[in-house]
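User: I would like to go through this model with you. Could you start with whatever you find most useful to discuss?

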Amino acid sequence: MKLPLTGCAYFLDIDGTLVDFADAPTRVRLDLALPGLVETLYRSSGGAVALITGRSLDSIDRLFPLRQLPAAGQHGLERRTAHGQVTRHPGPVRALDGARRVLAGVVARHPGLLVEDKALSIALHYRRAPRLASYAHRVMRLLRVALGDQYCLQRGKRVVELAPAGRDKGAAIASFMLEPPFIGRTPLFIGDDVTDEYGFAMVNQLGGYAIKVGPGRTKARWRLPDVAAVLAWLTSGTPVPQRTAHARKR
Ligand SMILES: [Mg+2]
């Protein structure tokens with residue numbers, strides 16, 4: 001598949017898609033070419049580029065300082081339109097205070113764990129201490145139960161997050177697709193993780209291109225092997241992403 005520059009709306013996950021994982025989200029290393037690459041895509045597509053990520057908008061802007069790009073942060077809990085208008089989930093922020101206190105104690109006892117407090121949601125990372133995976137999930141499950149059904153868990157690669165229920169990457173993409181300059185275009189979404197499956201499902205429904213980075217079961221019909229391949233494809237339109245096994249079976 002050649003990179004279709006005109007007529008497409010580009011939705012891009014960040015970690016594991018545009019940048020390789022580091023032991024903490026603040027320590028990722030951007031490929032030097034990445035900011036320019038995103039800027040070129042933004043201009044050549046008439047501004048139809050949005051970042052769709054678990055990071056907060058603040059964290060996105062620290063990574064991409066060139067331009068405040070359209071973006072959905074915290075898996076869609078906050079969103080910045082192409083006109084720069086920011087909407088945030090109206091969830092009660094203080095509801096997470098109990099969880100904050102518990103997690104501060106957890107991290108004090110287990111320094112290998114890392115809490116990423118994004119105000120509307122809280123992520124517990126165990127990338128530096130993978131042996132604590134089941135412990136981290138257990139703590140977060142208990143906190144979710146204590147918060148009730150208004151909250152859900154989002155599981156990712158060596159991270160588990162507590163967030164208000166009802167928003168996901170698919171819903172965020174759908175919101176963008178109703179607004180200029182995205183409206184009327186064919187959506188293309190590239191992501192690597194479990195939470196990106198909501199985005200893949202939405203893009204499939206809209207007749208677009210869902211591209212999974214790396215191995216694993218997926219609803220996406222296209223695949224690229226790693227971050228380097230994503231950057232190469234976005235740069236040159238080649239190599240051609242492979243159809244996923246899932247798609248071949250159809
Ligand atoms: Mg990712």
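Analyst: This is a predicted model. I would begin with Asp192, which counts as buried because its relative accessibility is 1%, under the 20% cut-off.

User: What about Asp13, buried or exposed?

Analyst: Asp13 counts as buried, since its relative accessibility is 4%.

User: Which residues are the protein donors of the magnesium ion?

Analyst: Asp13 and Asp192 each donate through OD, and Asp15 donates through O. These donors lie 2.1 Å from the magnesium ion.

User: How are the donor residues spaced in sequence?

Analyst: The spacing is D-x1-D-x176-D. Asp13 and Asp192 are 179 residues apart, so the pair links distant parts of the chain. Asp13 sits in the loop between strand 1 (8-12) and helix 1 (34-44), while Asp192 sits in the loop between strand 10 (186-191) and helix 6 (196-205).

User: Changing topic: at what angle do the axes of helix 3 and helix 4 cross?

Analyst: The axes of helix 3 (residues 97-109) and helix 4 (residues 133-147) cross at roughly 165° and come within 11 Å. That angle makes the two helices roughly antiparallel.

User: Is the crossing left-handed or right-handed?

Analyst: The crossing of helix 3 and helix 4 is right-handed.

User: And which residues make the contact?

Analyst: Helix 3 contributes Ala99, Val102, Leu103, Val106 and Arg109. Helix 4 contributes Tyr135, Val139, Met140 and Leu143.

User: How many of those are nonpolar, polar or charged?

Analyst: In the contact of helix 3 with helix 4, eight residues are nonpolar, one is charged and none is polar.

How values were computed. Residues are numbered from 1 along each chain as its sequence is written. This is a predicted model: local features need pLDDT of at least 70, side-chain atom pairs count only at pLDDT 80 or more; totals for chains, interfaces and linings use all residues. Side-chain values use heavy atoms; hydrogens and water are left out. Axes are lines fitted to C-alpha atoms, for helices over the stretch in contact, and angles run from 0 to 180 degrees between N-to-C directions. Helices (H or I, at least four residues) and strands (E, at least two) are DSSP runs, numbered from the N terminus. Angles under 35 degrees count as roughly parallel, over 145 as roughly antiparallel, 65 to 115 as roughly perpendicular and the rest as oblique. A crossing is left-handed if the near helix is turned anticlockwise from the far one by less than a right angle, and right-handed if clockwise. Contact means heavy atoms within 4.5 Å. Ala, Val, Leu, Ile, Met, Phe, Trp, Tyr, Cys and Pro count as nonpolar, Asp, Glu, Lys and Arg as charged, and the others, Gly among them, as polar. Donors are N, O and S atoms within 2.8 Å of the metal (3.2 Å for Na, K and Ca); water is not among the atoms, so sites may look incomplete. Buried means under 20% relative accessible area, exposed over 50%, partly exposed in between (1.4 Å probe, protein chains only).
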